Amino acid sequence: MPSAEIITIGTELLLGEIVDTNSQYLARQLRDAGIDIYWTTTVGDNLVRIAEAVRQGMQRSDIVVCTGGLGPTIDDMTREAIAKAAGVDLEYREDLWKQIQERFARFGRKASENNQRQAYVPAGARVLDNPVGSAPAFLVEVDGKVVLSLPGVPGEMKRIWEDSALPYFMSKYGQSHVIRSRVLHSAGVGESLIDEKIADLEELANPTVGLAAHAGSVDIRLTAKAADDTEAQSMLDELEAQVMERLGDWVYGKDSETLADTILTALRRLGWTLVVVEAGLGGRLAAPFAGARDTLLGSTALEAVSGKAELGDAVARQMANQGAEAGLGAVLTLEPDNLELLLTFIEPQGEHQHRFRYGGALQSAEDWALNLAHSWLLRQLRKAGPAE
């Protein structure tokens, strides 16, 4: 299969004013189609720099997918930039202008003179219909390379990709293999410890293993390239078994599974209800369980807690008041000489407490504490009884 790269265009993306969701969508679409993707670029609304990004893309990839810059205003420069990179002129398409006018008319509006800019495309380009917007998409073939230009509006981009662009690529290149990924989620353990356990697996060429660290959690990405989906899933199953053998209960779930979902499943299998007591966490400790009214019986925010005994007493009182079988207490302290998380868990067999020191950035402390508290709770539930 060919290689591809993505270029997202727009100064608002470059400056972080809006989130680039187009790259994520297109990367997954290309991956699932078995097309290798090695580069993603973001460039502002500048004709010279867009043209240079497209030119570089054509040098190192078979497919260049651009999104954005196809509107009617002066700063929408993608058409001109791609024509420049391809070494051709822009040409006016009367049929496109009529389509644009008809589309506006259907909504009781009149296309402005500015909209006529959208009827210009690089000479020889293949136009792709945009059934949900005014900006026509197009693709240009240059020396065996393909440059695809899609609108930046996500709804328009996705519709054109699925209706026209993807079928074109599948017809042109076929699908000699597929690429499938699976993400295992861990929490409460550092990236370096995970790396220590699976370092040799991270050196595999196919399937591959990669780590992505977050505050208090680490994702382990498994990716396989194979002739078909069945073979790819088999490769992922085998690799996942190896990872799980080494990491054990450090991993709490995979793909769309959340830590909160796993905790609720464990509580329900034990037949327990839960109360939560917290301080210093902004009321977020119980938030993931808020919709589980059969399991979460109540949550209490404290101003401050002086120590383990006071936290344990607060949890026990709430359990008694609500008639819960289990209670979780967490206190995050962020003082210059005291950065720590104090945890208490009470269940029918007794009380468990732990204190964790924090050494990271202050802005990440709350996320770290929440992930750590939830992962520690899950481990206590698994020790208390079968959660699987």
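The questions below concern the cavities of this predicted model.

Local features need pLDDT of at least 70 and side-chain atom pairs count only at pLDDT 80 or more, while totals for chains, interfaces and linings use all residues. Residues are numbered from 1 along each chain as its sequence is written, and side-chain values use heavy atoms, without hydrogens and water.

Q: How many cavities of 30 Å³ or more are there, and what makes a set of points a cavity?
A: There are 2. On a 1 Å grid over the protein atoms alone, each is called a cavity because a 1.4 Å probe fits at its points but cannot get out.

Q: What is the volume of the largest cavity?
A: About 40 Å³, where volume means the space filled by probe spheres set on the points, with points joined across faces, edges and corners.

Q: Why is Trp250 called a lining residue of the largest cavity?
A: Lining residues have an atom within 4 Å of a point, so Trp250 counts. The others are Ala187, Asp249, Tyr252, Ser375, Leu378, Arg379 and Arg382.

Q: Which helix gives the most to that lining?
A: Helix 11 (residues 365-384), with 4 residues; a helix is a DSSP run of H or I with at least four residues, numbered from the N terminus.

Q: What makes 3 residues of this lining charged?
A: Asp, Glu, Lys and Arg count as charged, so Asp249, Arg379 and Arg382 fall in that class.

Q: Which residues line the second largest cavity?
A: Leu96, Gln99, Arg103, Val127, Leu128, Asp129, Asn130 and Pro136, around a volume of about 30 Å³. Helix 5 supplies the largest share, 3 residues.

Key: 1 Å grid on protein atoms, 1.4 Å probe; cavity = no way out; pocket = protein on both sides within 12 Å on 5 of 7 lines; lining within 4 Å. Helix = DSSP H or I, 4+ residues; strand = E, 2+ residues; numbered from the N terminus.
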